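Please look over the model shown below before reading on. The paragraphs after it lead from helix packing to a pocket and then to two details of the backbone.

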Amino acid sequence: MWLNPEEVLLKNALKLWVTEKSNTYFLLQRRRGHGDSGGKFTGLLVGALDTVLDSNARVAPFRILLQVPGSQVSWAIASGATAEEVNRHWEWLVLNLLHTLSVFENKDDITSFVKGKVKGLIAEEVRSRQAVQEEDPEKFREALLKFEMRFGLPSSEKLVTYYSCCCWKGRVPRQGWLYLSINHLAFYSFLLGKEVKMVIPWADVTRLERASPSFMTDAIRVTTRSRQRDFSMFLSIEEAFQMMVQLADITLRRLLDNEGFELDQDLQQPAHITKRVLEEHAQKEYFLALFRLPRRERLHEVVECSLWTPHSRCHTAGTLYASDSYMCFCSREEGCCSLLIPLTEVISIEKAESTSLLPNPIIVSIRSKKAFQFIELRERDVLAENMTKRLRSVQWKQAMFRNKDNRKKALIAPTPYYTFYYDKMYSDCEDNEPSGKPTTLNTEALMSAFHHTQPESSNNKPPIEQAKERLWQDHFEEYGRGVYMFRTEKIQRLVAMGIPESLRGELWLSFSDSASDLSFQPDYYANLVSESLGKCNLASEEIERDLHRSLPEHPAFQSDAAIAALRRVLTAYAYRNPKIGYCQSMNILASVLLLYTKEEEAFWLLVAICERMLPDYFTCRVIGAQVDQSVFEELIKERLPELAEHIPDLSPLSSISLSWFLTLFLSIMPFESAVRVVDCFFYDGIKAIFQLGLAVLDANAAALCSSTDDGQVMMILSSFLEHVKNEENPSPPAKSPQSGVESDQDSVQETQIADLIRDSYEKFGGLTVKQIGQLRCRHRVQVLQAHEDMTKENALRVVTPDVSLASQELGDVYDLFKTQYFINCYWGRTVTALQLHDPSLQYVEQYRIDRPQFKSLYQLLSPWLCGVHTDAVAHRTFTLLDQHRDSLISFKPFAIWLDTMYCEELNEKIRLLYRLHIPPALTEKEDDPSPLKTPLLSTTRPLYVDIFKGEMKDYQEQLKQMLKDLLKDKEKDADKPLPMMNQREFIQFCKTLYSMFQGEPNENELFQAIATVTSLVLQIGEVGQRSQCPGNTPEECAVQVDDASLTQGGAEAPKQTFHMDNADPGGQSSQAEGEWNVTFEQIVASLLTEQSLVNFFERPVDLKAKINSAKLNQYHERISLLMIQDS
């Protein structure tokens, strides 16, 4: 056990302890008298003293000391009762600390570092022990308080777990605590007087991997787009790594892949995620992948037990998994023995009498008059009761389905189902009436019908085929037949040898458990065909285009009946699962299924492939296929290192192998050979495709290593796969589409598919379902982030022509915009359906933010901050940018708005300000949240502006000329003219300007300038009101202001008084008659008369500095807002 470091004086301890091992910094010592076979007097004396004098606290016979070179004082850091226990601690120190300590120059730093590390290990051991005994241990609550205090995140940021570890900065380690929460990875260290804090959102993590840098043996490397961090010296690095991978994967799928994540209901609420939930989720994912079951299955019990296996005449130890509709067993060594029992086939679950030879047995009886015996079950009574309840539930559902079907048959006469016919020139979406004779669903496999038309081959099976059938019949007698047969290494060898054609469809149904779906829902497919008949959508159009491209070379698909069956299967599936609908390559898979199974069976096999065996493959983004390509690249580096060394960039190989995975080699290999691959796939799942892909590359390793370009690599692999033959093929060979060119066939050596499959199992068969699951989880993070990079790149490409921002700044603004969206997903009270990330939208529309999020970004990025008036301006800006009126804005209008403030000319900046103070940005019902009252401008007091009499004439001329010039510019402008601004709107406009100038160095000059401009605009508005005429536009009327009217208005006194009052003036017939309006051009002309105002709006503003500040303060600003909302 690890000890709280205590000082030990070596000079006085040498007589009591013997050093067994030592290195530069550590000593492993044994207590004298312990383990001495010679029985020396000193050892006997020390042993006696330990017994007599230290009886209440006996000294452990082994210990480990930290000894810094040159010091007489050491520190006891670990002890053990046995040599095995203390050696485990010693090995951990050698692997994790020994090389690290050499980077320290000061011996005090070494001591502080090791002491801090050991204390962290002690705390983690205590936490682990308490977590087993207690649901919410005190230590965890204490860590949660420290987490909240150190990082200042909202209380809704749930802490999942924490670990003691080191974070490396270059070659310098920092001992501290790693906190894993639902949305972030956080690290805290306080060492040698220096505090280090680090927060990394999971959404920023692009790669997680185990690394072994030169100065440490094993570390976890966390890579983001900007940097990478290494963490090491975990007490259990594998547990920490898998927990980090799980959290990163779940967070990214929740934020970026909502469509594929929606079935994981237990993880949709981040507040419910705990370490135990994650462990249960990982166990469930392994269970579903191991037995290839539907995702709707809920795992209830996982129990260690033993199963009686008749073929081995003994009990096999393993694990029993009990879910909603299944009982499954897997031996301790994956692949040795497994069993799948659907509850639909179970008659009873009974407890037998417990004996010394058969402790706690349970007998499971099935319909085929067989029974399975499980023994050594802990808490057998509770387990049997729970499984019996679920069995009754399944039986009740079956009875309900049967009663419902019987009632339908009694009330409705049976009607035939018609073939889904299409016209050959079909081009629109009109409903098509079925033509010709109505036909029922195919009740036999197409291959059987094809053999019936070939009498010369129907009764003469090849000897190899007959021998295989005998082997399988013998296997059925010994291991069982159907879904619940024992699946052992022997059946794997039989599958690799090739399934007989007569048994292929049956075994595909058994291996994939599609037989259970078929028996549980007998009329589902027929009803689906009836409902989808005549329905036209995009999927049906795509299906129709691909029908005649599906194995066109195979004789069985030369008939209309086969094409009609394929049409029904694909259309019914698209109708069943509209989120997948139809994707290319599904037609090839369905064609092969129809060759060996009945039409309804082919449909359920297609369901199993698309929804269970190849998850996320058949979607618009084919995420699942891309994840497996990334996994395949890693397997190449691991299993074929020489090839990976010669071809550092494996992406060309991945692009070539993509079709291998999507079509199970059916599109690239001769049909009679590829169908053998499908046999292996239905038994072993995706593992078989990984193995075979590695075997193909291994067989061509020499040629690939000598290749010079990607084109040559493609030619080598394509030529090899085209010449993979099956000499045992019982059917006439179907001509492969790739075999049309025969010029170089003799130059390429043929390979037998049996040899290739055998090599794949012998050389690469060690791959397990658990390893594939962990690799997929880790590589999904990389694939989703690659999609995000592509989304960002395309969004910037769309926005760039409309803005003048530098590319780097525009990219940083995009990151801030997306981060603001993520923050709302992290801690927002609600995220609407419209606001969810939707990858199917245009790139610039995929992320949208609401009003509070925009206000946060406004505070961080806008150069026009207006003090207490800022919130009102931000509110109006959002309303202006909300083009679709759905209370959300996308990145493009946001970027254009920011570009206007930072890069556009004065006119466009004033235009933006002007639009913020007229409808729709400013509404009649808007309550001004910041009632700004200044001594210079008020709606209830007069405004005084000094105008000298001598300057009146020149001022009038200048104003008239400006208005005429603006009108000429306006005639050239093809844009729609802006509405006029009324008196109330102009008051709000002035408030915004005054609040923008507060705090500026030349504040008084700006205030005087805006007062002058305001006075001028008021003159224009009042004079324009008096001179309005029906035949002229408001702008023309404004230009028609004569000298006399202006002179008359200013000759009465050296100062002029203008009242700005929103109230309806007394004596007026209506409010409209007492108000005035001004145009955008008039306001711009007035502002241009004041150089200080021009300088203010044209001065350059450092956007880069704003962005850097926003990156630092974005979280803090948003958290403060959330706390205000919650208070």
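Is the crossing of H14 and H20 left-handed or right-handed? The crossing of these two helices is left-handed, a term used when the near helix is turned anticlockwise from the far one by less than a right angle, whereas a clockwise turn would be right-handed. The model is a predicted one, in which local features need pLDDT of at least 70 and side-chain atom pairs count only at pLDDT 80 or more, while totals for chains, interfaces and linings use all residues. Residues are numbered from 1 along each chain as its sequence is written, and side-chain values use heavy atoms, with hydrogens and water left out.

Helix H14 (residues 504-512) and helix H20 (residues 599-613) pack with their axes 10 Å apart, at an angle of about 40°. Helices (H or I, at least four residues) and strands (E, at least two) are DSSP runs numbered from the N terminus, and axes are lines fitted to C-alpha atoms, for helices over the stretch in contact, with angles running from 0 to 180 degrees between N-to-C directions. On the H14 side, Trp508, Leu509 and Ser512 meet Glu601, Leu605, Ala608, Arg612 and Met613 of H20, where contact means heavy atoms within 4.5 Å.

A further pair is formed by helix H6 (residues 237-256) and H29, whose axes come within 9 Å and cross at roughly 40°. H6 is therefore oblique to H29, since angles under 35 degrees count as roughly parallel, over 145 as roughly antiparallel, 65 to 115 as roughly perpendicular and the rest as oblique. This crossing of H6 and H29 is also left-handed, and among the residues of H6 that meet H29 are Phe241, Val245 and Leu252.

Helix H29 (769-799) also helps to line the second largest pocket, to which strand E9 (194-201), helix H30 (807-827) and helix H43 (1103-1126) each supply at least two residues as well. On a 1 Å grid over the protein atoms alone, a pocket is an open set of points where a 1.4 Å probe fits, with protein on both sides within 12 Å along at least five of seven lines, and lining residues have an atom within 4 Å of a point. The lining has 30 residues, of which Val199, Pro201, Asp204, Ser226 and Lys1111 lie nearest the centre of the pocket.

Two backbone details remain. Asp513, in the loop between H14 and helix H15 (514-520), has a positive phi near 65°. Pro919 and Pro920 are joined by a cis peptide bond with omega of about 5°. Most residues other than glycine have a negative phi, and most peptide bonds are trans.
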